[in-house]
Amino acid sequence: MNLPFLGHRHKKNGDAALPADPESVAALLSECELLRAQADQAGVRLDDTPASLEALDQVVPRWRDDAETLPGLGHDAGLYLGTVVVRTVPGARWRIRPGGEPVVLLPSGREIEVADAGLEWAASGAPELSQLYAEIAES
C-alpha cells in the first residue's frame with residue numbers, strides 16, 4: 001500500500017519519515033471504512049480493543065464471495081489489527097516503509113506486516129485476528 005499523502009521525506013536509513021504528528025497518522029490508518037461498515041452491519045462495535053478483534057473473528061465472512069471487496073476488507077482488517085496493537089501494546093508504533101507500506105514496529109524491533117495478515121484473515125479466517133494480537137502482545 002502506497003501512502004502518498006505522507007510525502008517523500010526519508011531518514012538516512014531509508015525509512016519514510018512520519019509527519020511531525022504521529023497521532024494524525026495513527027488516526028488516518030485507523031479509519032478502516034470498509035471494515036467498519038461490515039462490522040456495523042454485523043452488529044460489531046470496533047472500539048480499538050482486543051475484544052473487538054475477537055468479535056470480528058466471529059462475523060460470518062460474506063465478503064469472501066466478493067472478489068472486489070475481499071482485498072479492501074483484508075487491508076482494512078490489517079490496519080485495524082495494527083491500530084489495536086499500537087493503542088494497547090506499550091511501545092508499539094506505526095512505521096512507514098519506503099514504498100509506503102505501513103507496518104507495526106514493536107519495542108523489540110520486530111516488524112509486523114499487518115496488511116498481509118489482514119488479507120490472510122479476510123481470505124481464509126486463519127489465523128484469527130485475536131490470535132495474531134495475542135502473539136504480538138506477548139512479544
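**Reasoning through a predicted fold**

In this predicted model, residues 24 or more positions apart account for 58% of the contacts in the protein chain with a separation of 6 or more.

Trainee: Why is Thr 69 called buried?
Mentor: Buried means under 20% relative accessible area. Thr 69 has 15% relative accessibility, so Thr 69 counts as buried. Thr 69 lies in helix α4, residues 69–88, and touches Leu 34, Gln 38 and Trp 63, leaving aside residues up to four places away in sequence.

Trainee: What makes Asp 48 and Arg 36 a salt bridge?
Mentor: The cut-off is a side-chain nitrogen of Lys or Arg within 4 Å of a carboxyl oxygen of Asp or Glu. Here the closest N and O atoms are 3.3 Å apart, so the pair qualifies. The pair links distant parts of the chain: Arg 36 sits in helix α2, and Asp 48 in the loop between α2 and α3, twelve residues apart.

Trainee: Why is Asp 48 buried or exposed, and what about Arg 36?
Mentor: Asp 48 is at 14% relative accessibility and therefore counts as buried, whereas Arg 36, with a relative accessible area of 26%, is partly exposed.

Trainee: Why is Arg 45 called exposed or buried?
Mentor: Exposed means over 50%. Arg 45 is at 65%, so Arg 45 counts as exposed. Its salt-bridge partner is Asp 47, with the closest N and O atoms 3.4 Å apart; Asp 47, at 32%, counts as partly exposed.

Trainee: What joins Arg 97 and Glu 113?
Mentor: Their side chains meet in a salt bridge, 2.8 Å from N to O. Salt bridges that share partners join Arg 95, Arg 97, Glu 101, Glu 111 and Glu 113 into one network.

Definitions and conventions:
Residues numbered from 1 in each chain as written. Predicted model: local features only at pLDDT ≥ 70, side-chain atom pairs only at ≥ 80, totals over all residues. Heavy atoms only, no water. Helix = DSSP H or I, 4+ residues; strand = E, 2+ residues; numbered from the N terminus. Buried < 20%, exposed > 50% of the residue type's maximum accessible area, 1.4 Å probe, protein only. Contact = heavy atoms within 4.5 Å.
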